[in-house]
Amino acid sequence: MDKACDSIEIGYEKQAIGDLLKRNCTTGKQPKRGDHEEGHNPIERNDAGEPLHSQGSPIGGAMQDLGGELSAVAERFQQRKEQQEAFDAEIARRKLMDQIAQAEADVAANAAPDGAGPHDAMYGQVDPRNSQVVKPGLFDTLFDDALPKIPKSQRANFARQKEALRAAGSERMAARQIQHRKDYERAELSRVLQTNVNSIAKDDPDDIGTFETARQDGLDFIAKLDLDSQSRLKLVKDWFSTTARASVQTLIAKDPKRAAAMLAHEVSVSESRKDSAQDPRLRDLQPGELQELVRQAHAATASQLIDARTDIDIALQNASTAIASAGTYSGKMPGPEDFTAVYGTEEGRKRFQDFSRKIDVGRQAFGMRIMPTDAIHALLRDAESGQASSQEADQGNHDLLVEAARQNLRARTTDPGGYVRHVFSTVDAAWKDVSKAEGYQGAVVRSVSAQQQLGIEDIQPLPNSVAEDAVMSLIDKDSQREYAVNRNLLGGIPDLALRLSLVKQLIYASAVMMLKI
C-alpha cells in the first residue's frame, strides 16, 4: 500500500515535469546543423560539442524554470515522505504505549499479595549514578521489539525517547506498587483487628483484664504500620471505640437489663462522661454511640422478656406433664428471675410458687408410675389421717401428694393399656412387633400382666391407639386387611375370657369413635 502511494506521488511529479516542458519549449522543426538559411542561426556549441543556450533564448529560460520546478517537486516529495514516516512512527509509538499499559496491568494483577516486585519486573533497575540499566524489565523487551518497526528516518529520534518513557512508566508503576502495598496492609489490619473484636465478643464482658489484653494486641499491631501521626491517632481512636462497643454489646447480649441501667446512668452524666464513667470502656465511645447502645439494650431487654414469657407459657402447659411421664422436661425451665422480669417482684414470686408446685406434682406423679394402685390409695389415706394435725408448712406437701396421686390414677383409668405401654419398655417393645399372630398374643399378654401387677381393676388389653386402629381396620373396605386383623388380633388369643375383654374394648372404642367423644 505504501509503495503504491509512493508510485502515485512519483507519477504526479512526472506529469508536472511534462507540463512544465510543454509550457516553456516552442514547437516546430528545428534547423539542422550547418543550415545557413535566412532567419536561422547555427546553434553555438562548446568545445565538447554541447549546445550553448544564451540566457535570452527561449530554451535557456525554459531550462532555468524547469530546474526550479524540479527542485520544488523534489522538496514536496521529500516533505511528503517525511510526513508519512512520522505518521507511521506515531502509530508504532501508540501501539507500544498500549502494549506497555496492558503489560503494567498484567504485572500488577499477578503481583504477590504484599505488592512486592511489579516495578522491577516491568521497568527493571537503573543505576542512579550513571543512569545505566543494570537489570532490564519487560519494558525493555517491548521497546526493543518495537524499534525495528519504526521507519529509518524516525528510528534514532524514537530510540532517544526510551529512557524518558522508562522514567514516566517507572513513576506510574512505583505509585501502583505503593498503593498495592497500602491496600495489603489495610486488609491485614482489618483482619487482625476483626479477629480481636470477635475474641472480645466471645469473652466474658465482666473480664476487663482479657478485654484490655485484646485491645493492647490491636494497638501493638497498629504501631507497626507506616502511618503519619494524624492517621495513626484516628486509627487508634477508632480502635478504642470499636473494642468498647463490642464489649458493651456482649454485655447487652448477656444481661441487657444491667447494661441498660449502666448506659442510662452514663447518659444522665454524658456532659462529664470522662470523669464520671462507671465503666472505663464507656469513655472510649464516640458521640452518638452511647445513645445507640442504649437503644440496643432496651430492644434486647424487650426481646428477652418476650422470650421469657414464651418459655413460661410453654412450661406451664407441658413441664409438669412431661416430668410426670418421663421424669424430665426437654424445654427451657424458667427460673424465679424470669417470672420476676415478666410479672414484677410480687406477682412474679406468686406465679413462680404456683409453677414450682406443679413441677413438684409432676415429680411426685413420676415416682408413683410403677407403684401399685393399692399403695397409692394407702398414701392418700395416710395423708388424710395426718392432715388435721399437720403444720401449715406441711399442708403444701399434702396437697402435692394428693394432686400427684389423683393425676396418676386418672392416667391409669383413662387408658390402662397405654399407661403400661408407656411405663414399661418391654410392653412397648412387644406392641412394636405385632406383625404375626404370636406377636399380638405376646403384646396382649404382657399388657394384661403389667396392669395386673399395678393392681388396675378395669383391665383393658389394648392401648387406646391400638384399639382405634383395629376398629378402623375392621370397617375398612379392604377385605385383606380385615382378615389379617381378625386372624392376628382375635384369632391369636386362645383364652376365651381375654378374647371377650378384647371384644368389649373394641365395641367401646367403636362407640366412642362414632359419637366422637
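# Ring pairs and salt bridges in a predicted model

Trainee: What is the relative accessible area of glutamate 346?

Mentor: The model is predicted, so the value is computed from predicted coordinates. The cut-off matters here: a residue between 20% and 50% counts as partly exposed. Glutamate 346 falls in that class, as its relative accessible area is 44%.

Trainee: Which side chain does glutamate 346 meet in a salt bridge?

Mentor: Its partner also lies in helix H13, three residues away, about one turn of the helix. The partner counts as partly exposed, at 39% relative accessibility. The N to O distance is 2.6 Å, and the residue is arginine 349.

Trainee: Which residues do salt bridges that share partners join into one network with Glu163?

Mentor: Where salt bridges share partners, they chain several residues together, and one such network includes Glu163. Its other members are Asp140, Asp144, Lys162 and Arg166.

Trainee: How many salt bridges does the structure hold?

Mentor: A contact counts if a side-chain nitrogen of Lys or Arg is within 4 Å of a carboxyl oxygen of Asp or Glu. The bridge of arginine 258 and aspartate 255 qualifies at 3.4 Å, N to O. Arginine 258 is partly exposed at 36% relative accessibility, and aspartate 255 is partly exposed at 26%. For the structure, the number of salt bridges is 27.

Trainee: In which helix do glutamate 185 and arginine 181 both lie?

Mentor: Their side chains meet in a salt bridge, 3.0 Å from N to O. Both are partly exposed: glutamate 185 has a relative accessible area of 22%, and arginine 181 has 35%. The two are four residues apart, about one turn of the helix, and that helix, which covers residues 162–202, is H6.

Trainee: How many aromatic pairs does a search of the whole structure find?

Mentor: A pair of aromatic rings is described by the distance of the centres and the angle of the planes. Searching the whole structure, the number of aromatic pairs is six.

Trainee: Why is the pair of phenylalanine 139 and phenylalanine 143 tilted?

Mentor: The ring centres are 5.9 Å apart. Planes under 30 degrees apart would count as stacked and over 60 as edge-to-face. The pair is tilted because the planes are at 40°.

Trainee: Are phenylalanine 139 and phenylalanine 143 buried or exposed?

Mentor: The two residues are four apart in helix H4 (residues 138–146), about one helical turn. The cut-off is under 20% relative accessible area. By that test, both phenylalanine 139 and phenylalanine 143 are buried.

Trainee: How far apart, centre to centre, are phenylalanine 339 and phenylalanine 355?

Mentor: They form a tilted aromatic pair, with 40° between the planes. The pair links distant parts of the chain, 16 residues apart, with phenylalanine 339 in helix H12 (residues 336–343) and phenylalanine 355 in helix H13 (residues 345–367). Both residues are buried. The centre to centre distance is 5.6 Å.

Trainee: Which residues do ring pairs link into a cluster with Phe158?

Mentor: The tilted pair of phenylalanine 139 and phenylalanine 143 belongs to this cluster. Apart from Phe158, the ring pairs link Phe139, Phe143 and Tyr123.

Trainee: Over the ring of which residue does the charged end of arginine 351 sit?

Mentor: To qualify, CZ of Arg must be within 6 Å of the ring centre and within 35 degrees of the ring normal. Here the distance from the centre is 4.1 Å, and the ring belongs to tyrosine 343.

Trainee: What value is phi of serine 131 near?

Mentor: Most residues other than glycine have a negative phi. Serine 131 lies in the loop between strand S1 (125–127) and strand S2 (132–135). Its phi is positive, near 60°.

Notes
Residues numbered from 1 in each chain as written. Predicted model: local features only at pLDDT ≥ 70, side-chain atom pairs only at ≥ 80, totals over all residues. Heavy atoms only, no water. Phe/Tyr/Trp six-rings, centres within 6.5 Å; stacked < 30°, edge-to-face > 60°. Buried < 20%, exposed > 50% of the residue type's maximum accessible area, 1.4 Å probe, protein only.
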